[in-house]
Amino acid sequence: MNILYKLNVANHKDLYDLTKSPAIKKMSSIEGETRSIDCAVIYEDTKHDGEIQKILSFRCKESGEIFATNSPTFIQDFEDARDMMKEFNEEIHTIRVEGGTSRNGRHFISCVYVD
């Protein structure tokens, strides 16, 4: 595992919860919802077939639930917003998970910056 980005990750327990906990839920399960971020990571992990995938995971302030996705669209949207925030020494605090349909009819999720 290669950690690419951490937000408010205080200790090893946070890191475990965000990357390995069996309680992690799919980001797509909160499509259409707005959530406040307590802590988050973006990391690379190796799949069983040896392929490396990028994953974004965050813990909600409201519920303590952890959600993760390997959606390239969602992760790129989050990273773009994060990079814009860096210029102003700010961090992302609240996002909305939006769903959409690609031109070829495939469903996807995207990350919308709220605060």
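## A walk through the strands, rings and turns

Let's start at a turn: in the hairpin of strand 4 and strand 5, with five residues between the strands, G64 takes a positive phi near 80°. Strands here (E, at least two residues) and helices (H or I, at least four) are DSSP runs, numbered from the N terminus. Keep in mind that this is a predicted model, where local features need pLDDT of at least 70 and side-chain atom pairs count only at pLDDT 80 or more, while totals for chains, interfaces and linings use all residues. Residues are numbered from 1 along each chain as its sequence is written, and side-chain values use heavy atoms, leaving out hydrogens and water.

Stay with G64 for a moment. It sits in the loop between strand 4 and strand 5. Is G64 buried or exposed? Neither quite fits: G64 has a relative accessible area of 38%, so it is partly exposed. The cut-offs are simple: buried means under 20% relative accessible area, exposed means over 50%, and partly exposed is in between, using a 1.4 Å probe and protein chains only.

Now look at the strands on either side of that loop. Strand 4 and strand 5 run antiparallel and are joined by four bridges; two strands count as paired if DSSP finds at least two bridges between them. One place to look is L56, whose bridge partner in strand 5 is T69. Strand 4 also pairs with strand 3, again in the antiparallel sense, over nine bridges. There, D45 stands opposite Q53 of strand 4. The hairpin of strand 3 and strand 4 has five residues between the strands, and in it G50 takes a positive phi near 95°.

Two other residues deserve a look for their phi. Most residues other than glycine have a negative phi. N8, though, is a residue other than glycine with a positive phi, near 55°. You'll find N8 in the loop between strand 1 and helix 1, and its relative accessibility of 53% means that it counts as exposed. N89 has a positive phi near 55° too, and is likewise not a glycine. Its home is the loop between helix 2 and strand 6 (94–101), and at 72% relative accessibility N89 counts as exposed.

Next, pick out I37 in strand 3 (residues 34–46). With a relative accessibility of 2%, I37 counts as buried. What does I37 touch, leaving aside its neighbours within four places in sequence? It is in contact with L7, F58, R59, K61, F78, I92, H93 and I95, where contact means heavy atoms within 4.5 Å. I37 and C60 are 23 residues apart along the chain, yet their C-alpha atoms are separated by 5.0 Å. And our opening glycine, G64, is 27 residues from I37 in sequence and 9.5 Å away in space, C-alpha to C-alpha.

Helix 1 (residues 12–19) ends our tour of the backbone, with T19 in it. At the start of this helix, a side-chain oxygen of N11 reaches to within 3.0 Å of the backbone nitrogen of K13. That is a polar contact: a pair of N or O atoms within 3.5 Å, where, within protein, one must be able to donate a hydrogen and the other to accept it, and residues adjacent in sequence count only if both atoms are side-chain atoms. The side chain of T19 makes one as well, reaching the backbone oxygen of L15 at 2.7 Å. T19 counts as buried, at 8% relative accessibility, and D14, D17 and L18 of helix 1 are buried too. The buried residues of helix 1 pack against strand 3, strand 4 (52–60) and strand 5 (66–69).

Finally, the aromatic rings. Rings of Phe, Tyr and Trp (its six-membered ring) pair if their centres lie within 6.5 Å; planes under 30 degrees apart count as stacked, over 60 as edge-to-face and the rest as tilted. By this rule there are two aromatic pairs. Why is the pair of Y5 and F78 called edge-to-face? Their ring centres are 6.1 Å apart and the planes are at 65°, so they get that label. This pair links distant parts of the chain, with Y5 in strand 1 (residues 2–7) and F78 in helix 2 (residues 72–86), 73 residues apart. Y5 is buried at 10% relative accessible area, and F78 is buried at 1%. The other pair is F58 and F67: their centres are 6.2 Å apart and their planes at 40°, so this pair is tilted. Both F58 and F67 are buried.
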